[in-house]
Amino acid sequence: MLIAQILAGKGSDVISTRPEASVAEVASLLKEKRIGAVVVTDADGQLCGIISERDLARGLANHGAKLLDMKVARLMTANVVTCSPDDGLATLMQQMTDGRFRHLPVVKDDKLIGIISIGDVVKHRLKELEAETHMLQDYIHGNA
C-alpha cells in the first residue's frame, strides 16, 4: 500500500499557517478544524515547519501564558520529516514510530501535496484487516 492511495481516499487538503502567525491563532485553528497539527509554509507555499498539539503543550510548560503571544516560528519544528506519495505504508509507520510523531507532510517534487496522520494509518490498517478477515471467512466456508 502506497501513501498516494491513502491520500486518494482522504483527500489532499492541508491546513497551514505562516511562521509569523501567533500561537493563539494556531490553537484556535487546531480546535476549529479538529486536527492535531498544522504545517507551516512560507509566502511561496514552501514547507518550512510543523506545529502540533504536543508543541503547544511543551510551549505552555516552558513559557506559561506568554506562549499565546509568541510567533509560530519560535515554537514550530523546523526540521520536518516528510514522506513521498510513493512510500509504502510500512515505511511510514516505521518513520512515525522511530520519530515519535503523529503527522507526516507528504511532499512530491518539493511541493506539499498532503499530510498523513497516525489516525489515517490506523483507519487504513483496520480496513485492510477487515478485508483479510472476510476473505479468510469466505475461504473457510468455501465461498472463494
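The accessible surface of the protein amounts to about 9,000 Å², and carbon and sulfur atoms account for 51% of it. The structure described here is a predicted model. Its C-alpha atoms fill a box of roughly 65 × 35 × 25 Å along the principal axes. Of the 144 residues in the protein, 33% are buried. The charged side chains comprise 17 positive and 19 negative ones, and the centres of these two sets are 7 Å apart.

The secondary structure consists of six helices and five strands. Along the sequence, these elements follow the pattern α-β-α-β-β-α-α-α-β-β-α. Among contacts between residues at least 6 apart in sequence, 55% join residues that are at least 24 apart.

Three of the strands form an open sheet with the order 1-2-3 and mixed pairing. Strand 1 (16–17) and strand 3 (47–52) occupy the edges, and each has a single partner strand, so one side of each is left without a neighbour in the sheet. Strand 1 pairs with strand 2 in the parallel sense, over two bridges. In this pairing, Thr 17 is placed opposite Val 40 of strand 2. Strand 2, residues 37–41, runs antiparallel to strand 3, and five bridges join the two. Here Val 39 is the residue that stands opposite Ile 50 in strand 3.

Strand 2 was examined further for its burial. Five of its five residues are buried, so strand 2 is largely enclosed by the rest of the structure. The cover extends to both faces of the strand. Ala 37, Val 39 and Thr 41 are buried on one side, while Val 38 and Val 40 are buried on the other. Val 39 and Val 40 therefore combine burial on opposite faces of strand 2 with cross-strand positions, Val 39 opposite Ile 50 and Val 40 opposite Thr 17, where the burial call rests on a relative accessible area under 20%. Helix 2, which spans residues 23–33, lies across strand 1, strand 2 and strand 3. The direction of helix 2 makes an angle of about 130 degrees with strand 2.

Outside this sheet, strand 4 (103–108) and strand 5 (111–117) are linked by a loop that contains Asp 109. Asp 110 is also located in the loop between strand 4 and strand 5. Most residues other than glycine have a negative phi. Asp 109, however, has a positive phi of about 50 degrees although it is not a glycine. For Asp 110, phi is likewise positive, with a value near 65 degrees. Both residues lie on the accessible side of the cut-off for exposure, which is over 50% relative accessible area. Asp 109 counts as exposed because its relative accessibility is 67%, and Asp 110 counts as exposed because its relative accessibility is 64%.

A further aspartate, Asp 120, belongs to helix 6, which covers residues 118–140. In contrast to the two loop residues, Asp 120 counts as buried, with a relative accessibility of 16%. When neighbours within four places in sequence are left aside, Asp 120 is in contact with Ile 6, Lys 10 and Ile 115. One of these, Ile 115, falls within the range of strand 5 (111–117).

Definitions and conventions:
Residues are numbered from 1 along each chain as its sequence is written. This is a predicted model: local features need pLDDT of at least 70, side-chain atom pairs count only at pLDDT 80 or more; totals for chains, interfaces and linings use all residues. Side-chain values use heavy atoms; hydrogens and water are left out. Two strands pair if DSSP finds at least two bridges between them. Helices (H or I, at least four residues) and strands (E, at least two) are DSSP runs, numbered from the N terminus. Contact means heavy atoms within 4.5 Å. Axes are lines fitted to C-alpha atoms, for helices over the stretch in contact, and angles run from 0 to 180 degrees between N-to-C directions. Buried means under 20% relative accessible area, exposed over 50%, partly exposed in between (1.4 Å probe, protein chains only). Accessible areas come from the Shrake-Rupley method with a 1.4 Å probe; for residues, only the protein chains shown count as cover. Lys and Arg count as positive and Asp and Glu as negative; His and the chain ends are not counted. The place of a charge is taken as NZ of Lys, CZ of Arg, CG of Asp or CD of Glu.
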